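Student: I am new to this structure and would like a close look at a single part of it, its pockets. Could you take me through them slowly, and then show me what else is worth noticing in the rest of the chain?

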Amino acid sequence: MCQLLGMNCNTPTDVRFSFSGFAQRAGNTGDHTDGWGIAFFEDKGLRHFVDHQRAVTSPVAQLIREYPIKSCNVIAHIRKATQGVTSLQNCHPFVRELWGRNWVFAHNGDLKQYAPKLHSHFRPVGDTDSERAFCWIMQELWKSHAGLPSIEELTHTLRELAARIAPHGTFNFLLSNGEALWAHATTALCYTERRYPFTHAHLADEDLSVDFSAETTPNDKVAIIVTAPLTKNEEWTPFNSGELKVFVNGTCLSPPSPALR
């Protein structure tokens, strides 16, 4: 299946270190070679890159590894297709507008016999179960709230909506509107929080390390959410099955699960 990477911070931060290790799973340390994508929020603006080539060799991915785009909310995805052909329109993350904000969504999993009724405003462009699920979530959020609700209200609604989709199969996803990042797991998803005092981190998929103490300030907070741990020497907290967490300003606002390394 696919793999997910999310970053949520309290100050604009570049994701090059984490993305470099993540991209290795698209042909070197993993076989997620059916396309990739990444989205960076900048206030209400959005930088969105997708490519149907594998991320480990994509020239666009090379740009991301070298260009320090700074953002407080980032969602990336490397694809191993289970539904839908390998094509640009089927590459995650997907983007839609709601309440005057961009919403970004990426999914890892396979939803069987999932064909929700969708009205004209939210329709998939490609032919994946993932994009159908995203369109349905956007539609139901629009139906449930007259305007942009609080993060707490959104979290409550998203928890209910995720529980209605999850019985169709594996439903690990990341979702952000630039204010917060929501993450839901039915199988594999974990996170780590980087904060003062920052230390060295060493990637698990590439011989690359970084001393975050030289790149940050004592006030910085960064949360990384990923399908499988990216580093060898950081503590990663797994999600429970069926759990939805929300990250704001580099902090997980949901109670933690037991930690792993």
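**The pockets and their surroundings**

Tutor: About 480 Å³ of space lies in the largest pocket, and since you are new here, please keep in mind that the model is predicted. Rolling a probe the size of a water molecule over the atoms shows where empty space is left. The lining of the largest pocket is made of 23 residues, and those that lie nearest its centre are Thr13, Asp14, Phe17, Phe212 and Glu215. If you follow the chain to see where the lining comes from, you will find that strand S1 (3-14), helix H1 (16-23), strand S11 (209-211) and strand S12 (221-226) each give at least two residues to it. Of the contributions to this lining, the largest share is that of S1, with five residues. Sorted by character, the residues around the largest pocket comprise 10 nonpolar, six polar and seven charged.

The second largest pocket can be read in the same manner. Its volume is about 230 Å³, and 14 residues form the lining of this second largest pocket, with Thr192, Glu193, Arg194, Glu234 and Glu235 lying nearest its centre. Strand S9 (190-195) and strand S10 (200-202) each provide at least two residues of the lining of the second largest pocket, and the largest share, five residues, is supplied by S9. Here the lining divides into five nonpolar, four polar and five charged residues.

From S9 we can go on to a neighbouring loop, and to the backbone. Proline 197 sits in the loop between S9 and S10, the two strands named for the second largest pocket, and the peptide bond that joins tyrosine 196 to proline 197 is cis, with omega about 0°. Most residues other than glycine have a negative phi, and most peptide bonds are trans. Another cis peptide bond joins histidine 92 and proline 93, where omega is about -5°, and proline 93 belongs to the loop between strand S4 (70-78) and strand S5 (94-98).

The phi angle also deserves attention at two places. Tryptophan 99, which is in the loop between S5 and strand S6 (101-108), has a phi near 55°, a positive value in a residue other than glycine. Glutamine 113, in the loop between S6 and helix H3 (129-144), likewise has a positive phi, of about 50°, although it is not a glycine. Glutamine 113 counts as exposed because its relative accessibility is 79%, a value over the 50% cut-off.

Leucine 118 is also placed in the loop between S6 and H3, but leucine 118 is buried, because its relative accessible area is 17% and the cut-off for that word is under 20%. Leaving aside residues up to four places away in sequence, leucine 118 touches Arg123, Pro124, Arg132, Cys135, Trp136 and Gln139. To get a sense of distance across the model, compare leucine 118 with aspartate 220: the two are 102 residues apart in sequence, and 41 Å separates them in space, C-alpha to C-alpha.

Serine 58 offers a further buried site, in the loop between strand S3 (45-51) and helix H2 (59-66). Serine 58 counts as buried because its relative accessibility is 0%. Its side chain makes a polar contact of 3.2 Å with the side chain of tryptophan 36, and the side chain of serine 58 also reaches the backbone nitrogen of valine 60, again at 3.2 Å. When residues up to four places away in sequence are not counted, serine 58 touches Trp36, Asp51, Gln53 and Arg65, so tryptophan 36 appears both in this list and as the partner in a polar contact.

Finally, a word on cysteines: a search of the whole structure finds zero disulfides. Cysteine 190 is in no disulfide, and the nearest cysteine sulfur to it, that of cysteine 252, is 12 Å away. Cysteine 252 is in no disulfide either, its nearest cysteine sulfur being that of cysteine 190, at 12 Å. Cysteine 190 counts as buried because its relative accessibility is 3%, and cysteine 252 is buried with a relative accessible area of 12%.

Conventions:
Residues numbered from 1 in each chain as written. Predicted model: local features only at pLDDT ≥ 70, side-chain atom pairs only at ≥ 80, totals over all residues. Heavy atoms only, no water. 1 Å grid on protein atoms, 1.4 Å probe; cavity = no way out; pocket = protein on both sides within 12 Å on 5 of 7 lines; lining within 4 Å. Points joined across faces, edges and corners; volume = space filled by probe spheres on them. Helix = DSSP H or I, 4+ residues; strand = E, 2+ residues; numbered from the N terminus. Nonpolar A, V, L, I, M, F, W, Y, C, P; charged D, E, K, R; others polar. Buried < 20%, exposed > 50% of the residue type's maximum accessible area, 1.4 Å probe, protein only. Polar contact = N/O pair within 3.5 Å; in protein donor to acceptor, adjacent residues only side chain to side chain. Contact = heavy atoms within 4.5 Å. Disulfide = S-S within 2.5 Å.
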